[in-house]
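Hello,

Here is the structure I promised to pass on. Please have a look at it first, then read my notes below.

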Amino acid sequence: MNLVLYKLIILYMLDRVDEYTLTNEQLTSFIQDRGYTSLFNVHESISELIADGFISVNTIRDVQHYQITDDGEKALLYYENRISNTIKQEILEFFKQEKIKIREQSELTADVDINESQEYVADLKIKERAETILEIKLAVPTRALADHICDNWRSNSAEVYQKVNALLLQDNSSQ
């Protein structure tokens, strides 16, 4: 296999994952677990795809999330036939097995920013089909506290979402 094929595999994966993103770990583990190539070649392929504008990257809490661009979709359309049906089937099987994990990693995000007041902000989001349905930004005095909030987000986000909905949808007309 060569670098062009690795790039096409990455583009194919990002195209088939629909509205979600894939992390560096997900891409590299798929390719390496099947013995297609080395970690170095995967990273070189990803770097070149970004430089060529075929994929975009968004870093959230030191985790890179990749998404195919319109130019990447066009390139894939022209060269997709270079990917064997066996590899395509392996990719689709991978998505079946990993669908819940991929969705969770794309739909729940937690990142730390610094606002104009130089406070740390835990930026917490729940997305559904690429649409943000809940976003909470909490300003806190330390990076450690912001990181702690972000770490707790994954395990508590569903409960927070339910409570916010219940509070905001309750009928207060009788008060």
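**What I found**

Start with one pair of residues: Y120 has V140, in β6, as its bridge partner. The model is a predicted one, so keep that in mind as you read.

That pair belongs to a longer match. Strand β5 covers residues 120-128. It pairs with β6 over nine bridges, in the antiparallel sense.

Now add the third strand. The order is β4-β5-β6, and together they form an open sheet with antiparallel pairing. Why do β4 and β6 each have one side without a neighbour in the sheet? Both stand at the edges, β4 (108-114) and β6 (131-140), and each has a single partner strand, so one side stays free of a sheet neighbour. On average, neighbouring strands here are turned by 20° against each other, direction ignored.

Next, look at helix α6. This helix spans residues 143-169 and lies across β4, β5 and β6. Relative to β5, helix α6 runs at about 35°.

One residue of α6 is worth finding: S157. Is S157 buried or exposed? S157 counts as buried, because its relative accessibility is 4% and the cut-off is under 20%. S157 touches L108 and I126, leaving aside residues up to four places away in sequence.

Last, the confidence. The protein chain averages a pLDDT of 84, and 89% of the residues score at least 70. Among the elements, helix α4 (residues 70-79) has the highest mean, 92. Helix α5 (residues 85-107) has the lowest, 78. Where pLDDT is low, predicted coordinates should not be read in detail.

Best wishes

Note on methods: Residues numbered from 1 in each chain as written. Predicted model: local features only at pLDDT ≥ 70, side-chain atom pairs only at ≥ 80, totals over all residues. Heavy atoms only, no water. Pairing = 2+ DSSP bridges. Helix = DSSP H or I, 4+ residues; strand = E, 2+ residues; numbered from the N terminus. Axes fitted to C-alpha atoms, helices over the stretch in contact; angles between N-to-C directions. Contact = heavy atoms within 4.5 Å. Buried < 20%, exposed > 50% of the residue type's maximum accessible area, 1.4 Å probe, protein only. pLDDT = per-residue confidence, 0-100.
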